[in-house]
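Please take a moment to look over the sequence and the model before reading on. The paragraphs below lead through the structure step by step.

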Amino acid sequence: MILLRAIARFVALLLLLALALLGLAVALFSIQGDERALSLPTLARHLRLPELRDVTGDYLSHLEAGGPVAWISVGAAAAAIAVGILLVVGALAPRRERLVVLADEGGARLAARRRALAQLAAERVRRVRGITEERTRVRPGRRGRGGSLTIMASHSRKGSSPELEQRIAAAVAPLAEDFDLRTRVRARLGKRGSRVE
């Protein structure tokens with residue numbers, strides 16, 4: 001579904017860009033009339049619309065007669081309809097937000113958004129002394145409760161990575177236990193000049 005949504009957005013962007021360029025060209029060539037340089041008949045000649053009309057007429061006469069051209073056209077039309085349906089589904093399907101479930105009893109469910117939960121975990125990590133920078137990411141489990149909490153932290157030269165990893169894990173432990181999150185902590189030496197939070 002995410003791929004369909006991304007493709008639908010990309011196709012919509014291309015169509016809007018093409019429509020804008022076509023509108024700009026028509027507007028420019030509508031400035032003057034008759035057979036001058038900037039006129040609609042000149043634009044039609046530049047786009048080779050008379051030749052396109054002849055080719056289309058020839059193709060339509062073959063299509064009416066039946067045979068392989070007609071069957072190829074039927075297959076192409078069916079494929080275009082299928083692609084169009086997929087793009088419409090990708091554009092209009094509601095996006096289901098994945099939540100991290102705290103409690104699920106009966107028909108009631110208590111859950112948190114993963115961004116809010118990541119911000120809460122990041123605030124706890126910032127309170128650990130010696131941390132210069134942190135990044136937290138929460139991924140909900142596929143079904144029911146649980147998920148994973150990934151923390152990447154940078155520290156000053158005064159601290160050691162294993163010790164800070166333990167302190168960070170201890171700081172987020174209550175949150176991780178409540179939401180049944182598997183915690184993964186990685187600490188590394190920060191860049192020179194980083195300030196201690």
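How many salt bridges does the structure hold? This is a predicted model, and the structure in it holds three salt bridges. Before turning to each of them, it helps to have the overall layout in mind.

The protein chain contains six helices and five strands, and, read from the N terminus on, its elements run α-α-α-α-β-β-α-β-β-α-β. Of the 197 residues in the protein chain, buried residues make up 23%.

Side chains of opposite charge can pair when their charged atoms come close. One such pair is found within helix 5, where the side chains of Arg 126 and Glu 123 meet in a salt bridge with an N to O distance of 3.0 Å; these two residues lie three residues apart, about one turn of the helix. Arg 126 counts as partly exposed because its relative accessibility is 34%, and Glu 123 counts as partly exposed at 36%. Arg 126 also forms a salt bridge with Glu 134, the closest N and O atoms being 3.1 Å apart. Glu 134, at 16% relative accessibility, counts as buried, since the cut-off for that word is under 20%.

In helix 6, Arg 167 and Glu 163 lie four residues apart, about one turn of the helix, and they form a salt bridge whose closest N and O atoms are 3.3 Å apart. Arg 167 is partly exposed at 33% relative accessibility, and Glu 163 is partly exposed as well, with a relative accessible area of 42%. Salt bridges that share partners, in turn, join Glu 123, Arg 126 and Glu 134 into one network.

Two packed helices are described by the angle between their axes and the distance between the axes. Helix 5, which spans residues 114–126, and helix 6, which spans residues 161–179, pack at an angle of about 150°, with their axes 8 Å apart. Helix 5 is therefore roughly antiparallel to helix 6, because angles over 145 degrees count as roughly antiparallel. The crossing of helix 5 and helix 6 is right-handed.

Two further places deserve a look. Ser 148 is found in strand 4, residues 147–155, and is buried, with a relative accessible area of 17%; its C-alpha atom is separated by 8.3 Å from that of Asp 180, although the two residues are 32 residues apart along the chain. On the surface, Phe 10, Leu 13 and Leu 14 make a nonpolar patch of about 310 Å². Leu 14 lies in helix 1, residues 2–29, and is partly exposed, with a relative accessible area of 42%.

Key: Residues numbered from 1 in each chain as written. Predicted model: local features only at pLDDT ≥ 70, side-chain atom pairs only at ≥ 80, totals over all residues. Heavy atoms only, no water. Patch = residues over 30% accessible without salt bridge, like charges linked within 9 Å, V, L, I, M, F, W, Y side chains within 5 Å. Areas by Shrake-Rupley, 256 points an atom, 1.4 Å probe, with all protein chains shown as cover. Salt bridge = Lys/Arg side-chain N within 4 Å of Asp/Glu carboxyl O. Buried < 20%, exposed > 50% of the residue type's maximum accessible area, 1.4 Å probe, protein only. Axes fitted to C-alpha atoms, helices over the stretch in contact; angles between N-to-C directions. Parallel < 35°, antiparallel > 145°, perpendicular 65-115°, else oblique. Left-handed = near helix turned anticlockwise from the far one by under 90°.
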